[in-house]
Amino acid sequence: MEDSLIIDMLFERNERALEQIDVKYSRLYLSIIREMLWDENDVSECANDCLLAVWNSIPPNRPDNLPSYICKIARRLGINRYRYNTRQKRSDGYTAMLSELEDCIPDRTETGFGDNDIPPEKFSRLLEEFISSLDAETRVLFVRRYVYFESVASLSDRFQMRENLVAVKLYRAKQRLKKFLEKEGIYI
């Protein structure tokens, strides 16, 4: 079934739309959630929450790209559940993974990011511009690592590369991101 029909069904409050989303996109959103959560009960709960969030947000929203919309919701819910699960355990793999980007992304307090000096929309547009400037292989590695939280080992297996090569490509992409943001006057 086409996405536009699924969205129309959601606007009509037809529950079959959720069944269609589950059939068409469950592998996609479950893979995103599973990269963050290892407990299948948490995965199942987040998947259900994802469908509920889609149901509750369409209408009024009418997304242009339904799979991206669903992935964004799944990612947000997975991160929230992961944070909830690890709130008492301050040293964790995802914090370490996200800390990899600390050298590239400006600190909001130092740059005024969030204080109307650099609107989030501008930062988002620049980040999209940077990602689209990467070669296809590096772009996929970067997005899968820092958006979908896929491990370096998993990327290595997926793309049949040595882990060291994946790490080097990600490191170079982060350095390019930092230079790109400096050039745009965002990273100070």
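Contact here means heavy atoms within 4.5 Å. The model is predicted, so local features need pLDDT of at least 70 and side-chain atom pairs count only at pLDDT 80 or more, while totals for chains, interfaces and linings use all residues. Residues are numbered from 1 along each chain as its sequence is written, and side-chain values use heavy atoms, with hydrogens and water left out.

**Helix packing**

- Val 140, Leu 141, Arg 144 and Arg 145 of helix H8 meet Val 152, Leu 155, Arg 158 and Phe 159 of helix H9 (helices are DSSP runs of H or I, at least four residues, numbered from the N terminus).
- This contact of H8 with H9 divides into five nonpolar, no polar and three charged residues (Ala, Val, Leu, Ile, Met, Phe, Trp, Tyr, Cys and Pro count as nonpolar, Asp, Glu, Lys and Arg as charged, the others, Gly among them, as polar).
- H8 (residues 136–146) and H9 (residues 152–159) pack at about 145°, with axes 10 Å apart (axes are lines fitted to C-alpha atoms over the stretch in contact; angles run from 0 to 180 degrees between N-to-C directions).
- Helices H2 (residues 16–36) and H4 (residues 66–86) pack at about 35°, their axes 9 Å apart.
- The contact of H2 with H4 has 14 nonpolar residues, one polar and one charged.

**Aromatic rings**

- Phe 130, Phe 142, Tyr 146 and Phe 180 form one aromatic cluster (rings of Phe, Tyr and Trp, the last by its six-membered ring, pair if their centres lie within 6.5 Å; planes under 30 degrees apart are stacked, over 60 edge-to-face, the rest tilted).
- Phe 130 and Phe 142 pair edge-to-face, 5.9 Å centre to centre with 70° between the planes.

Note on methods:
Helix = DSSP H or I, 4+ residues; strand = E, 2+ residues; numbered from the N terminus.
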